[in-house]
Amino acid sequence: MVYRRAYVTLVGVAVVMGTLALVVSLKYDRPLLDPEGKFLGPSWARLPLLLMGAVLLDLVPLTLWRSRLRPAAIIPLVRERLRTHWTPERMTLVALGVVCFYVTYVSYRNLKSALPFVRSFNNPNDMFDRELNTIDRVLFFGNQPGPVLHNLLGTDLSAHGLSYIYLWFLPLVPLALTAWLVWSRNISYGYWFATSQCLAWSLGTASYYALPTLGPVFHFAPGYTALAHTPTTDLIEGLSRSRNKVLHGDYDGSSVEGIVNSVAGFASLHSGITLLVALMVQFTLRNQLLKVVFWVNFALTVVATIYFGWHYLADDIAGIMIAFVSFYLGGIATGQKFNRHSLQSHPTTTSANVPVSID
C-alpha cells in the first residue's frame with residue numbers, strides 16, 4: 001500500500017525545519033538545544049519512550065476496563081486490540097506523527113531562540129512593537145487593548161481564570177496530537193492533524209522572522225503591572241530572565257547552558273493552535289459538547305493573549321490565518337475534500353493511497 005500523499009508533506013516539513021535549525025546553528029554559532037531535555041531525559045531515549053507510551057496509553061486503560069480486572073482476560077484482550085487497532089498503518093502513523101512533530105517543534109524552539117542573532121537587533125526599538133501598538137491604539141480609540149480588558153473584566157479573579165486558560169495550552173498540544181494519532185477513527189485524520197500542526201509551527205516561525213516583536217507585556221510593561229499575581233506572571237518573569245541570559249550571557253553568575261529564548265512574535269501560535277484543534281474537533285468528531293468546549297477554549301485563549309499582553313491584535317489575526325491555512329493545506333495533503341458551501345469535509349481516503357482504519 002502506498003502512502004505518499006498521506007505523509008510526504010509531514011516528513012517534508014520536518015526535514016525543512018530541521019535543516020533550517022541546523023543551518024542557523026552552524027552559521028551563527030548557536031548550539032542546537034533540546035528545550036525539554038532536562039525534564040524528559042536524553043533525546044535518544046525519549047522518542048522510543050514516547051512511542052511506547054502512546055501504545056500503553058491505549059492498551060492499559062482499555063484492557064483493564066474490559067477485563068474487569070480479571071487476569072485471565074487481559075492477555076486475550078491485549079492481543080485482540082493489537083490485531084484490530086495497532087495495525088501496521090496505525091503504527092506508521094504514530095511513529096511518523098510523533099517523530100516529525102518532535103523534530104518540527106524542537107527546530108521551532110531553536111529558530112525562535114536564535115532570532116535576535118539572525119536579525120541582529122541591538123535594542124528593542126529595532127523591532128516592530130511600536131508599529132503594531134499604534135495599530136492597536138487606533139482600533140481602540142487611543143487605548144491599549146490589554147488595559148481596556150483589565151478595566152472591563154477586572155484584574156483579580158479574571159486574571160486567575162484566564163491564566164489557567166492560557167497555560168492549558170502547554171499540555172493541550174501533546175495531548176491533542178496523541179489523541180488524533182492513537183484514536184482517530186480514520187487514520188487519515190491523524191495524518192491531517194499532525195501535518196497541520198507541523199505546518200502551523202513552521203509558518204509561525206516564519207512570521208517571527210518576517211515581523212519580529214517582543215509583545216506588549218515586554219515592550220510596554222507598565223500597562224500590565226496592575227494584574228494579580230498568577231502562574232502566568234511567573235511565566236512572564238521567567239521568560240524575560242531567560243531572554244536576557246541568552247542575549248547578554250552569564251551576567252548574574254548563573255549558568256546559561258541549555259537555556260533558550262522563548263520571547264518572540266509576530267503571530268500568536270496560542271491563538272493559531274487552539275483554533276486548529278477546534279477546527280479538527282469540528283470536522284472530525286461527532287460529539288457536540290466537545291465542539292462547544294474547544295471553540296470556547298479558542299475564544300478565551302484569544303482574550304488571554306490580549307489580557308496578559310502576550311500579543312497585539314495583529315498577532316492574533318496572523319495566528320488565526322496560519323491556523324486556517326495549515327488546516328486546509330494539511331487536509332489537501334492528506335486526501336480530504338472540502339465542500340464549497342458547507343462546513344463539512346468528505347474524506348477521499350478510501351482508496352489504497354491513504355490508510356483508513358476499519359473500526
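A residue counts as buried when its relative accessible area is under 20%, as exposed when that area is over 50%, and as partly exposed in between. The exercises below apply this scale and a few other cut-offs to a predicted model.

**Exercise 1. Describe the chain as a whole: how many helices and strands are there, and what percentage of the residues count as buried?**

Solution. Begin with the secondary structure, which comprises 15 helices and 2 strands. Next, apply the burial scale to the 359 residues of the chain, of which 47% count as buried. Then turn to the surface, where the chain exposes about 17800 Å², with carbon and sulfur atoms supplying 67% of it. Finally, consider the contacts in the chain with a separation of 6 or more: residues 24 or more positions apart account for 79% of them.

**Exercise 2. Find the salt bridges, and decide for each partner whether it is buried, partly exposed or exposed.**

Solution. Side chains of opposite charge can pair when their charged atoms come close. The cut-off needed here is 4 Å between a side-chain nitrogen of Lys or Arg and a carboxyl oxygen of Asp or Glu, and by this rule the count comes to 2 salt bridges.

- Step 1. Asp58 pairs with Arg81, their closest N and O atoms being 2.9 Å apart. This pair links distant parts of the chain, since Asp58 belongs to helix H3 (residues 43–67) and Arg81 to helix H4 (residues 71–84), 23 residues apart. Asp58 has a relative accessible area of 3% and is therefore buried, and Arg81, with 14%, is buried as well.
- Step 2. Glu80 and Arg83 form a salt bridge, also with an N to O distance of 2.9 Å. Both residues lie in helix H4, 3 residues apart, which is about one turn of the helix. Glu80 has a relative accessibility of 39% and so counts as partly exposed, whereas Arg83 reaches 58% and is therefore exposed.

**Exercise 3. Classify the packing of the helix pairs H10 with H13 and H8 with H9: which is roughly parallel, and which roughly antiparallel?**

Solution. Two packed helices are described by the angle between their axes and the distance between the axes. The cut-offs are under 35 degrees for roughly parallel and over 145 degrees for roughly antiparallel.

- Step 1. Helix H10 (residues 187–210) packs against helix H13 (residues 269–284) at an angle of about 160 degrees, their axes being 11 Å apart. H10 and H13 are therefore roughly antiparallel, and their crossing is right-handed. The residues that meet include Trp192, Phe193 and Trp201 in H10, and Leu276, Met280 and Phe283 in H13.
- Step 2. For helix H8 (residues 157–167) and helix H9 (residues 169–183), the axes come within 5 Å and cross at roughly 30 degrees, so H8 is roughly parallel to H9. Here Ile165, Tyr166 and Leu167 of H8 meet Phe169, Leu170 and Pro171 of H9.

**Exercise 4. Place Asn297 and Thr334 in the chain, and state whether each is buried or exposed.**

Solution. Asn297 lies in helix H14 (residues 288–307), and its relative accessibility of 7% means that Asn297 counts as buried. Leaving aside neighbours within four places in sequence, Asn297 is in contact with Ile165, Trp168, Leu172 and Thr274. Thr334, by contrast, is found in the loop between helix H15 (313–333) and strand E1 (336–338); with a relative accessible area of 0%, Thr334 is buried. As a last step, compare sequence with space: Thr334 and Tyr7 are 327 residues apart in sequence, while their C-alpha atoms are 7.2 Å apart.

Key:
Residues are numbered from 1 along each chain as its sequence is written. This is a predicted model: local features need pLDDT of at least 70, side-chain atom pairs count only at pLDDT 80 or more; totals for chains, interfaces and linings use all residues. Side-chain values use heavy atoms; hydrogens and water are left out. Helices (H or I, at least four residues) and strands (E, at least two) are DSSP runs, numbered from the N terminus. Buried means under 20% relative accessible area, exposed over 50%, partly exposed in between (1.4 Å probe, protein chains only). Contact means heavy atoms within 4.5 Å. Accessible areas come from the Shrake-Rupley method with a 1.4 Å probe; for residues, only the protein chains shown count as cover. Axes are lines fitted to C-alpha atoms, for helices over the stretch in contact, and angles run from 0 to 180 degrees between N-to-C directions. Angles under 35 degrees count as roughly parallel, over 145 as roughly antiparallel, 65 to 115 as roughly perpendicular and the rest as oblique. A crossing is left-handed if the near helix is turned anticlockwise from the far one by less than a right angle, and right-handed if clockwise.
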